[in-house]
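Thanks, everyone; I would like to take a few minutes on one helix pair and on the empty space found in this model. Please have the structure open while I talk.

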Amino acid sequence: MRDGDFSTASQKYQAVIDGSATPDQIEEALIDRAYATSRSGDPATAVDLFTQFIDQQSQSGRVADAWFHLGELHFDRAAYQDAIAAFQNYLKLRADVLAD
């Protein structure tokens with residue numbers, strides 16, 4: 001993704017997911033594929049991928065990130081109630097963001 005070719009990056013992440021990667025590598029590839037899909041200009045699919053990640057990887061340390069990106073996608077699509085819900089879920093997991 002460093003070169004900005006998010007479509008190719010998404011394909012490479014899918015290859016990791018489909019291959020014989022470790023569970024940790026698959027977890028990283030799943031969320032990175034969702035992010036790359038978002039950046040490639042396919043927000044509807046990205047919403048689906050982030051939602052799947054949240055559902056399938058609920059114990060992951062990256063779930064908060066998925067909620068945050070999901071909130072941004074909903075906000076960008078003017079789905080404000082969905083954005084609020086996603087950001088609230090993010091804050092539940094990352095209460096330290098607001099703590100002083």
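I will go through the packing of the two helices and then turn to the cavity.

Please keep in mind throughout that this is a predicted model. The pair I have chosen is helix α2, which covers residues 23-39, and helix α3, which covers residues 43-56; their axes lie 8 Å apart and the packing angle is about 160°. Since angles over 145 degrees count as roughly antiparallel, α2 and α3 are therefore roughly antiparallel to each other, and the crossing that α2 makes with α3 is left-handed.

Which residues of α2 and α3 meet? From α2 the contact takes in Glu-27, Leu-30, Ile-31, Arg-33, Ala-34, Tyr-35, Thr-37 and Ser-38, and on the α3 side these are met by Thr-45, Ala-46, Leu-49, Phe-50, Gln-52 and Phe-53. Sorted by class, the contact of α2 with α3 consists of eight nonpolar, four polar and two charged residues.

Now to the cavity. A search of the whole structure for cavities of 30 Å³ or more returns one, and the volume of the largest cavity is about 40 Å³. What lines the largest cavity? Its lining is made up of Leu-30, Arg-33, Leu-49, Gln-52, Phe-53 and Gln-56, with α2 and α3 each supplying at least two residues, although the largest share, four residues, comes from α3. By class, that lining divides into three nonpolar residues, two polar residues and one charged residue.

Among the lining residues, Leu-30, Arg-33, Leu-49, Gln-52 and Phe-53 also belong to the contact of α2 with α3.

Definitions and conventions: Residues numbered from 1 in each chain as written. Predicted model: local features only at pLDDT ≥ 70, side-chain atom pairs only at ≥ 80, totals over all residues. Heavy atoms only, no water. Axes fitted to C-alpha atoms, helices over the stretch in contact; angles between N-to-C directions. Parallel < 35°, antiparallel > 145°, perpendicular 65-115°, else oblique. Left-handed = near helix turned anticlockwise from the far one by under 90°. Contact = heavy atoms within 4.5 Å. Nonpolar A, V, L, I, M, F, W, Y, C, P; charged D, E, K, R; others polar. 1 Å grid on protein atoms, 1.4 Å probe; cavity = no way out; pocket = protein on both sides within 12 Å on 5 of 7 lines; lining within 4 Å. Points joined across faces, edges and corners; volume = space filled by probe spheres on them.
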